[in-house]
Amino acid sequence: PPRILTLEEPVLHMDHCIAFAVHGNPAPTLHWLHNGQVLRETEIIRMEFYQQGEVSEGCLLFNKPTHYNNGNYTIVATNQLGSANQTIKGHFLEKPFPAVSGLFSFQMQYTPKFLSVDSKAFSFQVSIAVGLAAFACVLLVVLFIMINKYGRRSKFGMKG
């Protein structure tokens, strides 16, 4: 049956590499699990190995892994006589924005007075806000017209 000789933590060469060596006769088929799920090869993650007699040596290669690739990696070697597996933890990057627990996670035990308003008071507050916004818009339009009308004269009689 197959036997896993070595399984090493990820090391950065050209790509990140989880090196392994597996012994078995007949030659075992190899596949990987990531956190218990079957790992599919992509452009970012691929396996390269070569067979030398009864030993398969190689790497699980990662091209620029991120924090999503952190986790447990299990190599599974299987042939007609049995199977073997071994797991190693792969840690590539920290999460960019770790969750801060407790900083903003408070619960209100009571409702403040200024939040508990009835519908009449709320509609009055909205009408005040809309009136102030309309007044500000009118004021800005009047200022814009005055600046355009009287701001064209040069102080020294020069034409721009």
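**A helix, a strand-rich core and a small charged network**

Over residues 122–147 the chain is 100% helix and 0% strand, with its end C-alpha atoms 38 Å apart; helices (H or I, at least four residues) and strands (E, at least two) are DSSP runs, numbered from the N terminus. An unreviewed UniProt entry annotates residues 122–147 as "transmembrane region"; UniProt positions follow the numbering used here, feature names are shortened, and annotations may be inferred rather than shown by experiment. The model is predicted, so local features need pLDDT of at least 70 and side-chain atom pairs count only at pLDDT 80 or more, while totals for chains, interfaces and linings use all residues. Residues are numbered from 1 along each chain as its sequence is written, and side-chain values use heavy atoms, leaving out hydrogens and water.

A good place to start among the strands is β7. This strand spans residues 55–62, and 7 of its 8 residues are buried, so β7 is largely enclosed by the rest of the structure (buried means under 20% relative accessible area, exposed over 50%, partly exposed in between, with a 1.4 Å probe and protein chains only). Strand β3 (residues 16–23) pairs with β7 in the antiparallel sense over 8 bridges, where pairing requires that DSSP finds at least two bridges between two strands. Within this pairing, cysteine 17 has leucine 61 of β7 as its bridge partner. Strand β6 (residues 45–52) also runs antiparallel to β7, joined by 8 bridges, and here glutamine 52 is matched with valine 55. β6 and β7 form a hairpin with 2 residues between them, and glycine 53 in the turn has a positive phi of about 70 degrees.

The interior comes next. The largest nonpolar core has 18 residues, and those with the most contacts inside it are Ile18, Phe20, Trp32, Leu60, Tyr73 and Ile75; such a core is a set of buried Ala, Val, Leu, Ile, Met, Phe, Trp, Tyr and Cys residues joined through side-chain atoms within 4.5 Å. Two or more residues are given to this core by each of β1 (3–7), β3, β4, β6, β7, β8 and β9 (82–90). Leaving aside neighbours within four places in sequence, tyrosine 73 is in contact (heavy atoms within 4.5 Å) with residues including Ile18, Trp32, Leu60, Phe62, Ile88 and Phe92.

Charged side chains add another link. There are 2 salt bridges, each defined by a side-chain nitrogen of Lys or Arg within 4 Å of a carboxyl oxygen of Asp or Glu. In one, arginine 46 meets aspartate 15, the closest N and O atoms being 3.3 Å apart. This pair links distant parts of the chain, 31 residues apart: arginine 46 is in strand β6, and aspartate 15 in the loop between β2 (11–12) and β3. Arginine 46 also forms a salt bridge with glutamate 48 (3.1 Å, N to O). Through shared partners, Asp15, Arg46 and Glu48 are joined into one network. Aspartate 15 counts as buried at 16% relative accessibility, whereas arginine 46 is partly exposed at 26% and glutamate 48 is partly exposed at 42%.

Finally, the loops hold some backbone details. Most residues other than glycine have a negative phi, and most peptide bonds are trans. Asparagine 35, in the loop between β4 and β5 (37–38), has a positive phi near 55 degrees. Lysine 64, in the loop between β7 and β8 (71–79), has a positive phi of about 55 degrees and counts as exposed at 71% relative accessibility. The peptide bond from asparagine 25 to proline 26 is cis, with omega near 5 degrees, and proline 26 is found in the loop between β3 and β4 (29–34).
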